[in-house]
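This report describes selected features of one model, taken region by region. The sequence and structure come first.

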Amino acid sequence: MNYLNETIDSLNKKLASGEITADQLAKDTVANIKDTDKKLNAWITVDEDAKPAENLDFAKNKLAGIPIAIKDNIVTNGMKTTAASHILDNFMPMYDATVISKLKKAQFTLVGKTNMDEFAMGSSTEHSYFGATHNPWNLDKVPGGSSGGSAAAVAGGQVVAALGSDTGGSIRQPAAFNGIFGIKPTYGRVSRWGLIAFGSSLDQIGVMSKRVKDSAEVLNVIAGSDDHDSTMSTREVPDFTKFLGQDVKGLRVAVPKEYMDAVDGKMRELIQKQIDLLKDAGAIINEVSLPHTKYVVPTYYIIASSEASSNLQRYDGIRYGYRAKDTKNLLDVYVKSRSEGFGTEVKRRIMLGSFALSAGSYDKFFRQAAKVRTLICQDFDKIFAENDVILGPTTTEPAFGIGEEVSDPIKMYNNDILTISANLAGIPAASVPAGLVDGMPFGLQIMAKRFDEGNVFKTADFIERSNKFYEKTPTGMED
Amino acid sequence: MNFKSTIGLEVHFELKTKSKIFSPSPVTYGAKPNTETNVIDWAMPGVLPMVNKNVYRLGIMVALATHAHILPTTHFDRKNYFYPDNPKAYQITQFFQPLARDGYIEVEVHGKKKRIGIHEMHIEEDAGKNTHGTNGFSYVDLNRQGVPLLEVVSEPDMEDPEEAYAYLEKLRKIVQFTGASDVKMEEGSMRVDTNISIRPAGQKELGTKVEMKNLNSFDHVRRSLAYEEKRQQQVLLSGGHVQLSTRRFDEATGKTVLERVKEGASDYRYFPEPDIAPDHISQEWIDEIAKELPKSPFDRYDDYVNKFGLKPYDANVLLQTKESSDFFDAAVAAGADPTMAANWMNTQVNGYLNDNRVSLADVKLTPEHLAAMIKLIKDGTISSKIAKKVFAETIANGTDPKKYVEDKGMVQLSDLSVLEPMVTKVVDDNPQSVEDFKNGKDRAIGYLVGQIMKQTRGKANPKVVNKLLNKELASR
Amino acid sequence: MKITEDTVKHVATLSRLEFSDSEIGEFTEQMGNIINMASQLQAVDTEGVEETVQVVDRDTVFREDKPEHWQDREELMENVPEKANGFIKVPVIIEKDDNE
């Protein structure tokens with residue numbers, strides 16, 4: 001069974017009416033994944049014996065028995081979790097991430113773990129120990145990353161929704177590349193307990209789905225305070241579906257010129273068209289400036305890499321994961337396990353981070369980046385004092401070809417310029433499909449102030465209703 | 001040439017909590033390897049630290065007891081280094097914004113009082129334990145991983161080994177009496193690192209530092225520092241220079257041995273721990289903790305000597321441990337005469353503990369027992385001799401002294417209507433003693449007391465008997 | 001700031017990573033470029049600006065001092081590459097290397 005034209009509601013109807021049983025749905029889902037993944041390689045682990053929870057009541061719980069995909073950097077008790085790295089390729093967790101416990105409690109059916117860039121470092125899902133994932137719109141193109149497996153699985157109709165993680169755009173960029181919706185909630189909205197850390201002050205788990213409403217449904221389940229994560233907010237979580245179907249009249253929309261200037265031609269036109277849709281519906285459009293935009297890339301790469309260099313030190317071959325063979329002494333175990341276990345991009349970031357934190361560099365790089373981060377946050381505060389949302393393109397270009405950009409890290413890093421600010425500022429941000437550019441999807445990014453996912457959903461839902469992008473089928477999935 | 005020494009001390013205390021600093025794993029000793037651990041202690045992928053409130057509470061107690069300034073906002077930091085007993089390959093500590101700064105303690109050395117500064121103190125996690133095998137392998141046990149530590153860093157204010165020794169003694173006593181730590185060097189709940197440099201008198205800038213880690217006792221601290229002073233002087237006098245290095249104290253030879261030379265500072269890549277939000281320490285909380293803070297050993301000494309009238313020696317013996325001082329205080333609070341309680345504590349109780357190699361916590365004697373027993377002595381119910389028997393029973397089996405005395409019929413005979421006829425009879429029966437008494441031979445009365453004791457099988461109250469005999473003899 | 005091969009080697013030692021000579025050369029160039037880009041930050045006036053190391057809306061998050069048993073040793077040991085008698089087994093530790 002494929003989900004190209006399904007939603008949580010449509011599946012629930014089928015389950016409730018008895019048209020299909022939850023067991024059969026799980027089986028069909030796995031069968032379809034196994035079939036279509038020959039094209040996509042979106043999964044690292046598929047649970048062939050995936051079973052729905054017990055005591056399902058489809059009338060009371062519409063999420064009951066709905067299959068869902070999990071990015072492979074979220075730990076699942078008893079299901080291999082690798083972060084797409086050789087160094088963890090045999091790692092079997094003995095506990096569940098908080099989001100997993102919550103999904104299980106809500107009776108979702110977990111069908112497996114999706115491909116990603118190793119340790120979520122990358123924006124193409126080419127940096128995976130398990131091979132590259134392919135874009136369902138064009139199999140020669142990347143699905144983006146790092147949550148490229150989750151994005152391709154959703155866009156390719158393998159599941160209706162998937163969890164991803166976003167440290168610098170890792171949900172929004174692949175969502176944009178695959179023509180789906182993806183939201184990175186406010187930092188502190190979703191527990192990071194059980195998320196394999198990359199940049200701890202930036203990482204956030206979020207949701208990807210074809211339809212905006214399905215992400216709202218899943219976020220309702222996974223959001224909320226957790227004693228295991230002391231950076232979590234204790235604020236009450238609203239029902240995000242209540243922001244859907246609303247009027248956008250009077251919505252104050254900021255459009256930063258730095259973001260619009262980052263793209264041109266057809267892409268700029270397409271984004272402008274979405275803004276015009278809002279304007280026509282009565283939204284107030286304000287052109288604004290985010291003056292520190294040119295500094296976000298270095299700021300982000302120093303902070304994210306510094307945190308990563310420390311977070312990834314635990315992969316040392318001692319307690320779990322890959323341990324190199326033929327080691328003579330302890331230093332050998334460390335150096336060989338890590339050098340053989342990590343891929344090039346991960347090593348590059350560890351090196352950059354260790355450098356930025358090392359004696360003599362700390363003040364100049366880490367501390368200065370932390371200060372510039374403050375200025376970047378202040379840019380946003382100023383705009384949100386007078387606006388409800390910030391709009392712009394999610395990426396500087398649509399999906400690129402597999403193998404095209406890997407060799408030039410600077411170019412790759414600069415591509416993240418539009419998404420990483422939201423992580424630095426901890427604000428919620430989403431990408432919703434704007435349309436096609438030369439046959440490939442292109443995304444509109446929507447940001448709001450901290451804990452105001454409501455306005456993100458409201459705006460995204462309006463765009464979805466207006467451009468009806470969901471009616472399109474990914475061209476790469478046609479036989 | 002004259003030299004001046006500059007000594008600084010870094011002291012780690014294990015804080016007495018039930019669970020670890022960043023995980024709820026129990027803190028226990030002697031458990032099987034890796035049984036007191038969980039996913040956090042193992043640094044499994046995806047775990048996050050959860051801060052134990054009690055660690056702050058105990059740390060604040062020590063800060064208060066050493067007059068340190070508690071920072072209103074603290075933050076944890078990561079200290080990065082690889083080692084098998086350090087599972088995250090970083091230690092969570094407080095580097096940039098520690099718990100407290102600028103404390104001090106006062107010591108008395110060579111008859112002079114001196115204030116020694118505390119630069120800062122911070123809370124952090126302990127590492128696991130490695131056991132080195134002889135077969136080319138080491139074995140890692142993570143039970144100790146995450147046990148809370150308080151590190152107290154002194155100012156380099158000490159100028160000779162005696163001052164360092166006095167500082168350690170005083171610091172240990174202060175920390176011990178807060179109840180925050182067991183402060184036992186032999187069990188590792190107190191650990192001392194030292195650093196020392198020397199410079200020619202008159203020279204302003206400090207000499208090159210030598211560090212010594214994991215010293216086993218205060219005596220080793222003193223001896224190793226004294227050795228280093230001499231060694232460094234000889235190096236300088238022979239035209240050499242002291243190397244920035246870590247040395248180890250060799251107990252057998254009394255010398256220090258070079259462990260490794262340091263080239264520049266270690267590169268621990270400290271940065272703020274992003275997984276833990278800042279901690280605001282409110283004045284209200286500090287005030288609350290100050291109220292709970294047990295009385296300091298110095299205030300207790302004052303009470304013992306000036307309020308209770310104990311001899312300074314006895315007061316000091318009681319104050320050797322918080323346990324004995326607490327026990328004594330509780331006995332006094334339960335109504336015991338302070339002087340008698342102190343005597344019993346410092347002789348019988350300590351004697352028992354030493355003979356049996358146990359601590360107060362291990363015996364069944366309670367402060368209430370001790371107070372009850374002292375009351376029985378004081379009101380004449382039992383004699384001191386009987387009391388020793390009662391004590392032996394109570395400390396061994398926890399038997400209530402009053403009940404024991406009653407059950408065993410040990411109550412002292414003080415009844416005049418019984419004793420008076422006995423006294424009259426014994427004097428009648430021993431005219432020779434009357435004669436001796438009249439001739440001023442005191443020994444005579446002793447003999448007569450012995451006769452009465454024999455007849456009453458030791459139960460007669462010797463004081464009463466003495467009094468009656470004196471009266472009776474004088475009347476003859 | 002110039003990144004030299006020695007810098008890269010030093011950072012590799014800190015990170016417990018090793019690279020071939022050709023990789024060192026490549027990394028030196030790439031890191032040089034990245035650090036060059038990062039050096040743009042020096043141009044930003046941050047006089048008197050506080051650092052942002054995390055964006056949280058809560059502080060002073062404490063857990064009560066209650067011991068709990070979460071996992072059995074057997075579960076935790078399952079992924080250990082080499083173990084013996086409940087210990088994690090590692091090649092002999094020569095000395096604590098905290099001095100690079």
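## Strand β4 of chain A and its partners

Within β4(A), L163(A) is the residue that forms a bridge with I70(A). The model is predicted, and the values below are computed from it. I70(A) falls within strand β2 of chain A, residues 67-71, and this strand runs parallel to β4(A), the pairing resting on 2 bridges. A second pairing joins β4(A) to strand β6 of chain A, residues 204-209; here the sense is antiparallel and there are 6 bridges. One of the bridged pairs is S165(A) with I205(A), the latter in β6(A).

Strand β4 of chain A spans residues 161-166, and 6 of its 6 residues are buried. A161(A), L163(A) and S165(A) point to one side of β4(A), while A162(A), G164(A) and D166(A) point to the other, and all are buried. L163(A), the partner of I70(A), and S165(A), the partner of I205(A), thus point one way from the strand.

## The side of chain A that touches chain C

Chain A and chain C are in contact through 53 residues of chain A and 43 residues of chain C. On the chain A side, the elements that supply two or more residues are α9 (296-311), α10 (330-341), α11 (344-357), α12 (363-384) and α13 (409-414). The most comes from α12(A), with 11 residues.

By residue class, this side of chain A holds 27 nonpolar, 17 polar and 9 charged residues.

## Domains of chain B

Chain B is divided into domain 1 (3-280), domain 2 (295-407) and domain 3 (416-475). Taken over C-alpha atoms, the centres of domain 1 and domain 3 of chain B are separated by 68 Å.

## A68 of chain B

A68(B) sits in a loop of chain B, between α1 (53-65) and β2 (69-70). Is A68(B) buried or exposed? A68(B) counts as buried because it has 25 C-beta neighbours inside 10 Å, and the cut-off for a buried residue is 20 or more.

Which residues does A68(B) touch, leaving aside those up to four places away in sequence? They are A63(B), A100(B), R101(B), D102(B), G103(B), I118(B) and M121(B). L99(B) is 31 residues from A68(B) along the chain, and the C-alpha atoms of these two residues are 9.4 Å apart.

Definitions and conventions: Residues are numbered from 1 along each chain as its sequence is written. Chains are lettered from A and ligands numbered from 1 in the order in which they are written. This is a predicted model: local features need pLDDT of at least 70, side-chain atom pairs count only at pLDDT 80 or more; totals for chains, interfaces and linings use all residues. Two residues are in contact if their C-beta atoms, placed from the backbone, lie within 7 Å. Helices (H or I, at least four residues) and strands (E, at least two) are DSSP runs, numbered from the N terminus. Ala, Val, Leu, Ile, Met, Phe, Trp, Tyr, Cys and Pro count as nonpolar, Asp, Glu, Lys and Arg as charged, and the others, Gly among them, as polar. Domain bounds come from an automatic or database domain assignment. A residue is buried if 20 or more other C-beta atoms lie within 10 Å of its own, exposed if 12 or fewer, and partly exposed in between; C-beta atoms are placed from the backbone. Two strands pair if DSSP finds at least two bridges between them.
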